[in-house]
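Subject: Structure handover

Hello,

I am passing this structure on to you, and I would be glad if you could read the notes beneath it with the structure open beside you.

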Amino acid sequence: MSLTVFSFIVFCLATFANCMPISCPCTTKNTTVTSYCENSASNRQCWGDYDIRTNYYDDEAPFRTGVTRTYWLEVTNTTTLAPDGIHRQMITFNNTFPGPTIWANWGDEIEVHVTNKLQDNGTSVHWHGVRQLDTCEQDGVPGVTQMPIPPTGFYTYKFFCSQYGSSWYHSHFSLQYAEGAVGPLTVYGPTSADYDEDLGPLIISDWRHETAFSEMALLSHSGNHSLQTAVNILLNGTNTYNATETGCVTGHHHNVTVEQGKTYKMGLVGALTENAVYFSMDGHKFTIVSNDYVPVEPVEVDHVYIGIGQRYDIIFEASGEIENYWIRAQPAAVGQCAFNKNIWNSNAVLRYAGAPDVDPRTSPVQYLNATETADGPGEYLQTCQEDFLPAGERFTPMLALNVSAPSFDDFLFAQVGFHWNSSDHTASQLFFVEKHEDVRKSPNASDPAALLNIDHTESDEHSLIVNFNEPTLLNVMENKYNAPNTNVYYLPQQRDEWVYFVVQSQIGIHHPIHLHGHDFFVLGQLEDQFEARHVPLLNLTNPMRRDVAMLPAGGSLVLAWKTDNPGAWIMHCHIAWHVGLGFGLQFVELEDEMKSKFTTVTDQDSLWTQNANAWSKWCMHDLVDQDDSGV
């Protein structure tokens with residue numbers, strides 16, 4: 001065999017290996033199986049020398065494959081797309097919506113080269129749910145972990161896939177993701193139940209025909225503008241649209257084709273802006289096997305609530321007759337967690353191979369409001385919470401971890417208020433966070449007036465506004481002060497200390513709360529304000545872990561995590577309008593370790609600093625009009 005032919009064969013084999021999700025043996029010690037175990041249709045819990053109960057939080061010996069997956073993204077203004085048949089200007093990755101799939105295997109690294117082709121905007125890319133262990137500078141949040149990438153600018157993100165499951169990447173610059181700058185991010189790994197084929201991600205998005213920036217501009221300059229209601233829900237970037245003014249139906253439904261008798265895995269990704277959804281498949285129950293990036297014990301349901309930013313991996317059997325069935329992502333309007341003009345046609349098609357090419361004629365599950373009684377088959381209350389599981393069931397992580405018992409005095413506290421800043425509408429300040437690093441100094445929870453003052457801004461409450469030119473990470477590295485309106489909490493310096501944190505509000509709206517850099521433990525979701533009497537009732541035994549959880553309307557979300565990931569991490573409501581209007585805060589974690597680990601931030605030759613210099617130079621000539629919080 002000639003050297004040329006041999007080299008060609010080696011190249012082909014290497015390329016094939018780099019493009020297929022596989023499980024591969026490794027030499028590190030973090031393992032829970034006694035011998036190599038092949039991931040297969042009959043044993044999906046295996047993954048080479050590892051399995052689904054391997055501790056992926058083990059920082060001493062993380063599972064690494066040594067493989068790097070490389071991608072190229074261009075952030076562009078796009079005028080040629082019509083997701084539901086109606087053309088509109090968009091911001092996309094690589095002129096596609098959703099953007100190209102980025103995938104890797106558990107233990108790989110991902111490297112993404114991003115070019116900003118926008119004419120008048122900076123940008124950044126956030127890798128939603130990725131822990132970013134010791135790589136805070138790769139988290140992609142302008143004003144927090146980096147300066148934005150300027151027009152014509154270039155930046156490379158590189159991070160380790162320490163966990164696995166379905167997620168998404170999106171711009172974290174202002175409202176760009178509401179304009180279409182989103183894409184699927186899938187990390188293959190073990191699964192808690194078996195299946196034959198993986199159908200990949202189903203990206204669920206709410207949609208408007210007006211731009212989000214035009215809406216925010218009206219909000220920021222009036223203080224009382226009513227948002228335009230979303231007009232559609234898109235599934236993998238498409239749906240039909242029925243124009244009421246013309247009666248014309250445009251667009252098309254996304255199709256998912258299956259074979260009768262096979263079992264399938266699908267990743268449900270809530271790449272949503274404002275509308276939460278209830279997902280179901282007519283005539284088919286399904287099994288949830290993970291929430292966010294956390295594998296869970298399999299639990300069978302016939303619908304699932306998907307909050308903004310949340311993800312679920314599901315498994316279902318194509319056990320129906322050979323015909324077509326509606327896949328539904330119905331806006332959660334009954335529970336007032338969605339405002340959408342397209343309540344009943346937020347659908348895709350589950351098409352059995354051999355079925356005729358016609359629309360389904362199947363019936364959905366029925367959702368009721370809180371004043372009704374669910375007493376019939378297929379009837380469910382819409383509560384805008386993760387309480388849709390059958391009676392007696394809960395999300396139980398496959399990797400069982402417990403939380404040390406706290407006292408009431410251990411809790412940090414954030415009280416969220418809601419009022420326009422009457423002194424300055426130009427800054428879009430609507431949501432305010434009142435920090436209480438000692439819960440004993442919090443307002444009297446029995447006095448609503450102390451919790452929510454709609455008349456004026458208190459001196460110790462601030463609406464989040466980041467400074468693009470002074471990201472929190474850089475300020476920490478340079479021992480500089482972070483302004484009060486960056487809402488920074490400084491966590492304990494000791495590694496592996498528990499952080500107990502309460503977000504609460506008297507606002508009658510449910511909020512999806514997302515934390516960067518961690519999976520948090522959800523200890524409680526209360527319908528009232530957190531008090532000492534609630535502490536003994538918290539769930540400390542292998543509670544649900546995830547990175548987005550619902551703050552109940554007028555209630556409290558009680559969380560915990562460990563100080564094991566140095567960095568500047570943002571926590572925010574994932575309703576795009578709410579974080580844009582100031583609903584966010586930050587944590588500086590393990591500050592001393594940050595200063596030793598993130599030296600690239602102050603290294604004048606690093607790509608981070610080169611990008612910062614390019615942004616600063618661009619800002620000198622093009623003043624940035626920051627209508628919102630910046631994130």
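Below are some notes on the sheets and the cores.

This is a predicted model, in which local features need pLDDT of at least 70 and side-chain atom pairs count only at pLDDT 80 or more, while totals for chains, interfaces and linings use all residues. Residues are numbered from 1 along each chain as its sequence is written, and side-chain values use heavy atoms, with hydrogens and water left out.

One open sheet is built from 7 strands in the order E28-E27-E26-E30-E35-E32-E33, with mixed pairing; strands here are DSSP runs (E, at least two residues) numbered from the N terminus, and two of them pair if DSSP finds at least two bridges between them. Its edge strands, each pairing on one side only, are E28 (461–462) and E33 (545–546). Within this sheet, E26 (residues 411–418) runs parallel to E30 (residues 498–505) over 6 bridges, and Phe-411 stands opposite Tyr-500 in E30.

A second open sheet has 5 strands in the order E15-E23-E22-E17-E20, again with mixed pairing, and E15 (255–258) and E20 (304–306) are its edge strands. Strands E22 (residues 324–331) and E23 (residues 347–352) pair in the antiparallel sense over 5 bridges, where Asn-324 has Arg-351 in E23 as its bridge partner.

The largest nonpolar core (buried Ala, Val, Leu, Ile, Met, Phe, Trp, Tyr and Cys residues joined through side-chain atoms within 4.5 Å, buried being under 20% relative accessible area with a 1.4 Å probe, protein chains only) has 88 residues, and Phe-501 and Met-571 are among those with the most contacts inside it. Apart from it lies another core of 63 residues, including Tyr-71 and Leu-464.

Best wishes

Terms used
Helix = DSSP H or I, 4+ residues; strand = E, 2+ residues; numbered from the N terminus. Buried < 20%, exposed > 50% of the residue type's maximum accessible area, 1.4 Å probe, protein only.
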